[in-house]
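Visitor: Could you walk me through reading this one, starting with the overall picture and then going down to the rings?
Guide: Gladly, let us look together.

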Amino acid sequence: LDATLANFAYPERNTGLLAFATAFHYCWIRLQASVLGTFVEDKAREGAICSQANHWTPAVFLSAQPLLQEQWFIRLFYKDIFRLPTFNDLYYTDVGNIHLEPEYARQYDAGMEYTKTLNAQHATLNFKLKADAYFNQIRNKIVAVPKGNSQYRWMMMNIGYVEIVGTDVNAGLTMLLPHEVEWGINLSYTYQQARDLTDPTDTLCYGGQISYIPWHSGSVIGHLAWKGWGLNYSFIYVGERYHNSANILANYEQPWYTHDLALSKIWEIRPKSRVSSAKSQVSDVKLHTTLEINNFLNQQYDIVHNYPMPGINGKLILKLEI
């Protein structure tokens, strides 16, 4: 990484990756396992920190299909993840922290996925359901948080030990109707408890939800399509959070939500045919137009502390496909 700054570190990173992987498939069961070796050497000038990191990360994935005639899958996995801070994390002006430690995570997941298609005389119905429950143990979690009350100055830092318990649920329904009409809706919900368990003697922060992670979040996205026309609606909800592991009233962030609409149309343009020595060729040109109205209820909200987001706003998008 180069820069025109005085006394810059000019860091260099060499990374080697070595992987061993295998897979097994028999009838209704699938098994995959791998081990990834990561070997990293960082060098820097001007007295900056030089370091080496060698780490092996295993992963095991199991998938089963209990009923072969149904698209129903049950899955389990364990994954060990090793992540080094990027050069931006380490050296970005006034944000980077050269003392950041690598992040280590262990992930445990159990989930299922179900897909069903029903064909009627005049319609086709597609249904999808996916659900996961997970538990993560993270050492030296790397996070970015604003400095004080300024949204323009951020800093990178480690949280010594974090445990995350959560669940993700996604459901989707699509209907294909006569006269080229398609209708669909997708629902998602996430519950996540991400607790700072670094220092048991820190009565203010120990056990608190870490910065900007909501307990509850979700979305509803619907669409309606007909002969190149499309109407999309989305509702996004983010629940209450805190901007510090100290879950006190002074650090409380209110829930927020937005409603968005988008109307689109694909216009097909067929120019005159171009005659070549081989054969006559006709090229289709398509014009994609989209009109968006975002946050149309004009809710006032902050994603991060003291960083207000736009109220009602619109956008016109034109895309030419040749």
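**Reading the fold and its rings**

Guide: In this predicted model, 28% of the 322 residues of the protein count as buried. The C-alpha trace spans about 65 × 55 × 50 Å along its principal axes.

Visitor: What radius of gyration does the protein have, and what would a compact globule of 322 residues have?

Guide: The protein has 25 Å, whereas a compact globule of 322 residues would have a value near 20 Å. As for its surface, the protein exposes about 20,300 Å², and 59% of that is supplied by carbon and sulfur atoms.

Visitor: What does the secondary structure of the protein come to?

Guide: One helix and 19 strands. Take strand 16 (residues 285-294): ten bridges join it to strand 13 (residues 256-269), and the two run antiparallel. Within that pairing, aspartate 260 stands opposite asparagine 294. Strand 16 is also joined to strand 19 (residues 313-321), again antiparallel, by nine bridges. Here lysine 286 stands opposite glutamate 321.

Visitor: And how should I read contacts along the sequence?

Guide: Look at the separation of the partners. Among contacts between residues at least 6 apart in sequence, 56% join residues at least 24 apart.

Visitor: Now the rings, please. How is a pair of aromatic rings described?

Guide: By the distance of the centres and the angle of the planes. With centres within 6.5 Å as the rule for a pair, the count comes to 14 aromatic pairs. In one of them, phenylalanine 8 and tyrosine 10, the centres are 5.3 Å apart and the planes stand at 90 degrees, so the pair is edge-to-face.

Visitor: Are phenylalanine 8 and tyrosine 10 buried or exposed?

Guide: Phenylalanine 8 is buried, at 8% relative accessible area, while tyrosine 10 is partly exposed, at 22%. The rings of phenylalanine 82 and tyrosine 104 also have centres 5.3 Å apart, but their planes are at 40 degrees, so this pair is tilted. Phenylalanine 82 belongs to strand 4 (residues 71-83) and tyrosine 104 to strand 5 (residues 103-119), so the pair ties together parts that are 22 residues apart in sequence. Phenylalanine 82 counts as buried, at 14% relative accessibility.

Visitor: Which residues form an aromatic cluster?

Guide: Phe8, Tyr10, Phe87 and Tyr91 form one.

Visitor: Where does the charged end of lysine 79 sit, and where that of lysine 265?

Guide: For lysine 79, over the ring of phenylalanine 77, 5.5 Å from its centre. For lysine 265, over the ring of tryptophan 267, 5.1 Å from its centre.

Terms used. Residues numbered from 1 in each chain as written. Predicted model: local features only at pLDDT ≥ 70, side-chain atom pairs only at ≥ 80, totals over all residues. Heavy atoms only, no water. Phe/Tyr/Trp six-rings, centres within 6.5 Å; stacked < 30°, edge-to-face > 60°. Buried < 20%, exposed > 50% of the residue type's maximum accessible area, 1.4 Å probe, protein only. Helix = DSSP H or I, 4+ residues; strand = E, 2+ residues; numbered from the N terminus. Lys NZ or Arg CZ within 6 Å of the ring centre and 35° of its normal. Pairing = 2+ DSSP bridges. Rg over C-alpha atoms; globule rule 2.2 N^0.38 Å. Contact = heavy atoms within 4.5 Å. Areas by Shrake-Rupley, 256 points an atom, 1.4 Å probe, with all protein chains shown as cover.
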